[in-house]
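Please look over the structure below with its strands and its chain contact in mind. The report that follows describes how strands pair and how the two chains meet.

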Amino acid sequence: MLRSLAVVISVLLLTMTASKAAETVWSGLVIAENVTEPQPVPPELNRIEGSLKKFFGYNEFKVIGQSQKTVRTGQEDWLATSKFFSLHVDARGETPGGYVLNLKLYKEKELLLETEAKLSKRSPLVIKGPQVGGGQLLLVLVVQ
Amino acid sequence: MKTFEQKWTAWLDDELSGPELSEFEASLPNKAAAQAEKAEAKKLGQLLKRELSAHRLKNEEFFSHQLREKIVHESGEQHHERPRRSPTSHWWTIPRLLWAGTASLAVFLICTVLVMHQERPAEESQYLTQILNARVDPVVSPNGTVSIFEVKQDRVTVLWTEGLQSLPADYAAK
């Protein structure tokens, strides 16, 4: 009987700890373009492919820079970079539904855009950046 | 035919008479010693009768009343103690306490999950990403503006900027 009790307690504790497990935030610099033969959407963008196409009107989404950060304390910071752009993400705490993030988009060393957002674990964030050639720079953040 | 011991006992109790008495007394080797022993035996008999007879109680009623009270009191105590010593005294053993604790925890978790599940629709907006503030650099993009869209259906939040400086296609490099 004591053995079965130990099993029950272990399962409960594991369930409780699993709910507090660390999560990964995917941050991507994406170029959206209209091309004749579009490439498949990167797997990170699968769940928002429809929204991206509907909102921005492009048929191809190409990742030019990305970062995958495991957030444990909600105080981490990281950088997603391409050749000319960089997205600096500074986590400023955890909320019941996600994380408070400070985001800065740089073109080389020039700050283009700054924003603060409560990134929800269930809701991706898409930021429309500058026009680049015939396409559009998008910043995408997803809690995986 | 009586034995000597039977006749001796009867003689001590003065139950011999007539020729039987004369014959027995004549058979005694020392009649004086026998008479003395008979007298001693009578004295002992009287003493025993006097000392061993049952004494009559002087406060008979009071004594029986005390006895009855004590019996009633003790039987009452037994009635009260019975429920305390019933099997419930063995109920809260350590394994049962552990089971009770585990069961309570499980019920608590189930209730928590149910309550959270019920509250979810009301707090739907909390599960959408929220833009707290946004600004474009006024020096780099003097005409820059920002707007926010929340697509609840797809659970996507969009920060829409306008008026940012356009860049050549080379900037799309990885």
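The text below takes up one enclosed strand, then an open sheet, and then the contact between the chains.

The model is predicted, and local features are described only where pLDDT is at least 70, whereas totals for chains and interfaces use all residues.

**A strand enclosed by the structure**

Strand E1 of chain A covers residues 23-33, and because eight of its 11 residues are buried, the strand is largely enclosed by the rest of the structure. E1(A) is joined by 11 bridges to strand E2 of chain A (residues 60-71), with the two strands running antiparallel, and in this pairing A:Glu23 stands opposite A:Val71. E1(A) is also joined by eight bridges to strand E8 of chain A (residues 135-143), again in an antiparallel arrangement, and here A:Gly28 has A:Val140 as its bridge partner.

**An open sheet with strands from chains A and B**

Five strands make up an open sheet whose order is E3(A)-E4(A)-E5(A)-E6(A)-E1(B), with antiparallel pairing. At its edges lie strand E3 of chain A (77-81) and strand E1 of chain B (130-136), each of which pairs on one side only. On average, neighbouring strands of this sheet are turned by 15° against each other when direction is ignored. As general background, strands of a sheet pair through backbone hydrogen bonds, either parallel or antiparallel.

Within this sheet, E3(A) is paired with strand E4 of chain A (residues 85-95), and A:Thr81 has A:Ser86 of E4(A) as its bridge partner. E6(A) pairs across the chain boundary with E1(B) in an antiparallel manner, and one of the partnerships here links A:Glu116 with B:Asn133.

The table lists the bridge counts for the strand pairs described in this report.

| Strand pair | Bridges and direction |
|---|---|
| E1(A) and E2(A) | 11 bridges, antiparallel |
| E1(A) and E8(A) | eight bridges, antiparallel |
| E3(A) and E4(A) | five bridges, antiparallel |
| E6(A) and E1(B) | six bridges, antiparallel |

**The contact between chains A and B**

The contact draws 42 residues from chain A and 39 residues from chain B. On the side of chain A that touches chain B, two or more residues each come from helix H1 (2-18), helix H2 (49-56), E2, strand E6 (110-120) and strand E7 (125-132) of chain A. The largest share of this side, 11 residues, is given by E6(A), the strand that is also bridged to E1(B). By class, the side of chain A that touches chain B holds 22 nonpolar, 13 polar and seven charged residues.

Key: Residues numbered from 1 in each chain as written. Chains lettered and ligands numbered in written order. Predicted model: local features only at pLDDT ≥ 70, side-chain atom pairs only at ≥ 80, totals over all residues. Buried ≥ 20, exposed ≤ 12 C-beta atoms within 10 Å, placed from the backbone. Helix = DSSP H or I, 4+ residues; strand = E, 2+ residues; numbered from the N terminus. Pairing = 2+ DSSP bridges. Axes fitted to C-alpha atoms, helices over the stretch in contact; angles between N-to-C directions. Contact = placed C-beta atoms within 7 Å. Nonpolar A, V, L, I, M, F, W, Y, C, P; charged D, E, K, R; others polar.
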